[in-house]
Amino acid sequence: MYRSFSFIIFLFFSVIPTALEAQQGNYTLYHSKITEAEKLIANENYDKALEIYDTVLNEYDFVFLRDTKIATQLAFYLGKEDLSFEFLRRGASAGWEINKIRKNAFLKKMVELPQWKVFEKEYPELHAGYESTINPELRSRVRKMFSKDQKKALGALFRIGSNSQDNYAENKFAPQSEQQLRELIQIMSEYGYPGEKLVGNDYWASTILSHHNSISQAYARKDTIYPFLKPALTKALERGEVSPFELALIDEWHKSTLAQGPYVGYGILNPPSQSNLKNTNELRTGIFLRAVETRNALIDIQDKTQMNFYMPGDGWIDGKIEVIEN
């Protein structure tokens with residue numbers, strides 16, 4: 001292990017308990033309540049689910065944008081227009097852009113209501129409030145890291161064959177990835193995990209970590225950086241800095257790369273089998289990610305109601321998670 005990395009480890013453990021534990025709130029209850037609400041939606045108990053969203057979104061200063069989107073649609077679906085506009089304002093304060101709101105097909109009729117014109121006038125101030133919560137210097141820094149990561153990762157596309165790709169990943173991509181993760185550790189020690197809460201983006205940092213975890217099986221076996229970071233990522237989940245899905249995707253790449261064959265994962269990159277579905281769900285619920293059955297039921301509810309639940313993983317999972325028969 002590099003001497004500089006050993007120093008960062010010391011810095012990481014010395015700063016985290018004092019600088020970050022004082023931040024507001026433990027999101028364990030937040031995540032558990034949201035998964036409870038999703039189960040209720042899956043069972044078509046919409047009123048009770050809406051009560052939970054209303055409670056959770058009013059108890060926390062920071063809320064995940066996806067949850068405000070679901071609450072807005074749920075209230076509108078139940079005919080509670082004023083409440084739906086309350087959630088819509090909360091969504092704008094969490095970064096929901098007005099042009100993207102207009103593109104939500106289910107909310108098209110909201111634009112026709114008198115309350116919409118009031119919301120339009122309020123939107124600039126709501127969005128400015130959101131912008132004030134984002135660290136612009138940190139956002140720019142992490143975005144540059146992401147761009148650097150993407151540029152280097154593209155090099156693997158021009159290598160033909162798995163051996164050539166592994167050689168590129170281990171000899172060209174890995175040194176840069178290690179440097180990137182050392183910088184990420186420094187960021188986490190000073191600010192926290194740079195996700196939606198801190199920089200307004202939920203995939204830059206998780207992509208950097210996922211790429212690191214997918215370098216090669218040989219590299220994953222000897223890697224010490226991700227195993228060191230994993231407990232800190234769990235703490236970031238508790239602080240509301242990383243979402244359950246991001247955490248699952250990062251760890252899924254590590255499990256998949258290590259195994260290079262059948263393995264028990266989260267059902268994101270590879271479908272679970274019927275025999276290991278219980279273990280898959282235990283992994284998912286252990287980090288407050290909805291069970292496979294709940295996710296699949298939510299897809300059915302989307303089709304039935306035309307609401308959009310912005311299901312995390314749709315970039316990796318097309319519709320429902322398939323469960324393979326043994």
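**Entry 1: Lys 48 and Glu 51**

I began with Glu 51, which counts as partly exposed at 48% relative accessibility, and I kept in mind throughout that this is a predicted model. I then looked up the partner of Glu 51 and found Lys 48, with which Glu 51 forms a salt bridge whose closest N and O atoms are 3.7 Å apart. Lys 48 is partly exposed as well, with a relative accessible area of 39%. Both residues sit in helix H3 (residues 46-59), and because they are 3 residues apart there, about one helical turn separates them.

**Entry 2: other salt bridges**

I next asked how many salt bridges the count comes to by this rule. The count is 15.

I picked out Arg 89 and Glu 122, whose side chains meet in a salt bridge at 2.5 Å, N to O. Arg 89 belongs to helix H5 (residues 81-93) and Glu 122 to helix H7 (residues 114-131), so this pair ties together parts that lie 33 residues apart in sequence. For accessibility I noted 23% for Arg 89, which makes Arg 89 partly exposed, and a relative accessible area of 29% for Glu 122, which is also partly exposed.

I also looked at Glu 241 and Arg 239, where the side chains meet in a salt bridge at 3.0 Å, N to O. Are these two residues buried or exposed? I found Glu 241 buried, and Arg 239 buried too. Elsewhere in my list, Glu 38, Arg 66, Asp 67 and Arg 290 are joined into one network by salt bridges that share partners.

**Entry 3: nonpolar cores**

I turned to the nonpolar residues with a general expectation, namely that in soluble globular proteins nonpolar side chains tend to be buried together. The largest nonpolar core here has 47 residues, and those with the most contacts inside it are Tyr 30, Ile 41, Tyr 53, Leu 74, Leu 88, Phe 119 and Phe 309. The elements that give two or more residues to this core are H2, H3, helix H4 (65-77), H5, helix H6 (98-102), H7 and helix H16 (292-305). Which of them contributes the largest share? I found that H3 does, with 7 residues.

For Tyr 30 I set aside the neighbours within four places in sequence, and the contacts that remain are Val 56, Leu 57, Tyr 60, Phe 62, Val 63, Phe 64 and Asp 67. Apart from this core I noted another one, of 34 residues, with Tyr 193, Ile 208, Ala 232 and Ile 250 among them.

**Entry 4: His 31**

I then looked up His 31, which has its place in helix H2 (residues 28-42). Why does His 31 count as buried? His 31 counts as buried because its relative accessibility is 4%, where the cut-off is under 20%. Not counting residues up to four places away in sequence, I listed Phe 64, Leu 237, Val 242, Pro 244 and Phe 288 as the residues that His 31 touches.

**Entry 5: H4 against H5**

Last, I examined how H4 and H5 pack, and I noted that their axes come within 8 Å and cross at roughly 165 degrees. Since angles over 145 degrees count as roughly antiparallel, the two helices H4 and H5 are therefore roughly antiparallel to each other. I recorded the crossing of H4 and H5 as left-handed. On the H4 side the contact is made by Leu 65, Thr 68, Ala 71, Thr 72, Ala 75 and Phe 76, and on the H5 side by Glu 81, Leu 83, Ser 84, Phe 87, Leu 88, Arg 90 and Gly 91.

Definitions and conventions
Residues numbered from 1 in each chain as written. Predicted model: local features only at pLDDT ≥ 70, side-chain atom pairs only at ≥ 80, totals over all residues. Heavy atoms only, no water. Helix = DSSP H or I, 4+ residues; strand = E, 2+ residues; numbered from the N terminus. Buried < 20%, exposed > 50% of the residue type's maximum accessible area, 1.4 Å probe, protein only. Contact = heavy atoms within 4.5 Å. Salt bridge = Lys/Arg side-chain N within 4 Å of Asp/Glu carboxyl O. Core = buried A, V, L, I, M, F, W, Y, C linked by side-chain atoms within 4.5 Å. Axes fitted to C-alpha atoms, helices over the stretch in contact; angles between N-to-C directions. Parallel < 35°, antiparallel > 145°, perpendicular 65-115°, else oblique. Left-handed = near helix turned anticlockwise from the far one by under 90°.
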